[in-house]
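The following exercises ask the student to read a protein model step by step. Please attempt each task before studying its solution.

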Amino acid sequence: MNSTTISKAVVYVVAFIAGTMSYGHQVELGQHWDFGSLLGVLPYAYIVPLTVDALAFIGMMIRNSDEVTDSSRRAALVPLVLAGGMSVAANVAMARNVAQVVVGVWTVASYLIAEYFAAKLKRRATPVEVVEKATVKVTDTEKEARKRAGYHGKSKAEKAAWTKSYRERVARRAEAVAPVSPGYGPVDAPSVREVAAAAR
């Protein structure tokens with residue numbers, strides 16, 4: 001396991017601890033102030049805290065994802081801070097002494113701090129071999145042809161198409177006028193009779 005995986009696992013554990021504590025305190029807060037219920041069945045004291053934890057979970061997932069942009073990762077700090085603020089408020093509101101206040105604040109703060117540094121870890125990128133393209137020298141003849149064709153007034157795509165077409169034509173002309181090497185075949189040797197006759 002690499003450092004990134006370990007740090008993310010630690011963040012999830014700390015988030016679970018902070019989430020369960022803040023959820024319990026938010027439920028107690030909702031029951032104390034009688035938030036009511038949904039259709040008289042589901043008490044809002046149990047439902048409303050889920051919105052806070054869900055917001056924190058979404059922000060955490062975005063911050064620790066390898067598939068999002070840096071701007072999205074920075075924007076995910078907003079729901080994290082909002083959810084963290086709500087959690088701290090609930091923890092402090094339901095605290096009965098100074099120790100509970102400190103623990104309630106520290107639990108949420110430790111999660112935010114751990115998440116912040118875990119998101120800073122970058123997985124080491126695999127080096128990619130860069131293959132340089134061979135540069136083709138532009139001849140004086142091609143430069144003159146470009147001027148006649150209004151090359152500089154064309155778009156990038158038009159320039160590429162024109163260059164490809166021009167160089168293909170030049171290559172075809174070069175092949176057409178290139179000298180053809182004679183073939184080498186078997187040589188007919190004179191017969192013995194012809195040699196004897198030539199020697200007389």
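## Exercise 1: Two loop residues

Asp34 counts as exposed because its relative accessibility is 63%, where exposed means over 50% relative accessible area, buried under 20% and partly exposed in between (1.4 Å probe, protein chains only). The model is a predicted one, in which local features need pLDDT of at least 70, side-chain atom pairs count only at pLDDT 80 or more, and totals for chains, interfaces and linings use all residues. Residues are numbered from 1 along each chain as its sequence is written, and side-chain values use heavy atoms, with hydrogens and water left out.

Task: State where Asp34 is found and where Leu39 is found, and describe the phi angle of Asp34 and of Leu39.

Solution.
Step 1. Asp34 belongs to the loop between H1 and strand S1 (37–38). Helices (H or I, at least four residues) and strands (E, at least two) are DSSP runs, numbered from the N terminus.
Step 2. Although Asp34 is not a glycine, it has a positive phi of about 50°.
Step 3. Leu39 sits in the loop between S1 and strand S2 (42–43). Its phi is also positive, at about 60°, and Leu39 is not a glycine either.
Step 4. Leu39 is exposed, because its relative accessible area is 78%.

## Exercise 2: The chain as a whole

Task: Determine how many helices and strands the chain has, and in which order they follow along the sequence.

Solution.
Step 1. The secondary structure consists of 8 helices and 2 strands.
Step 2. Along the sequence the pattern reads α-β-β-α-α-α-α-α-α-α.
Step 3. The chain has 200 residues, of which 23% count as buried.
Step 4. For contacts (heavy atoms within 4.5 Å), consider the pairs at least 6 apart in sequence: 58% of these join residues at least 24 apart.
Step 5. The exposed area of the chain is about 15,000 Å², with 65% supplied by carbon and sulfur atoms. Such areas come from the Shrake-Rupley method with a 1.4 Å probe; for residues, only the protein chains shown count as cover.

## Exercise 3: Helix H1 and helix H4

Task: Establish how H1 is oriented to H4: is it oblique or roughly parallel?

Solution.
Step 1. Helix H1 (residues 3–32) packs against helix H4 (residues 77–93) at an angle of about 60°, and their axes are 8 Å apart. Axes are lines fitted to C-alpha atoms, for helices over the stretch in contact, and angles run from 0 to 180 degrees between N-to-C directions.
Step 2. H1 is therefore oblique to H4: angles under 35 degrees count as roughly parallel, over 145 as roughly antiparallel, 65 to 115 as roughly perpendicular and the rest as oblique.
Step 3. On the H1 side the contact is made by Met21, Ser22, His25, Gln26 and Leu29, and on the H4 side by Ser87, Ala90, Asn91 and Ala93.
Step 4. These residues divide into 4 nonpolar, 5 polar and no charged. Ala, Val, Leu, Ile, Met, Phe, Trp, Tyr, Cys and Pro count as nonpolar, Asp, Glu, Lys and Arg as charged, and the others, Gly among them, as polar.
Step 5. Ser22, a residue of helix H1, counts as buried because its relative accessibility is 1%. Leaving aside neighbours within four places in sequence, Ser22 is in contact with Asp53, Ser87, Ala90 and Asn91.
Step 6. Ser22 and Val52 are 30 residues apart along the chain, and their C-alpha atoms are separated by 9.2 Å.

## Exercise 4: Helix H1 and helix H5

Task: Describe how H1 and H5 are oriented to each other, and examine the surroundings of Glu115.

Solution.
Step 1. The axes of H1 and H5 come within 9 Å and cross at roughly 155°. The two helices are therefore roughly antiparallel to each other.
Step 2. By class, the contact of H1 with H5 has 11 nonpolar, 4 polar and 1 charged residues.
Step 3. Glu115 lies in helix H5 (residues 98–120), and it counts as buried because its relative accessibility is 1%.
Step 4. Apart from neighbours within four places in sequence, Glu115 is in contact with Val11, Met60, Arg63, Asn64 and Leu80.
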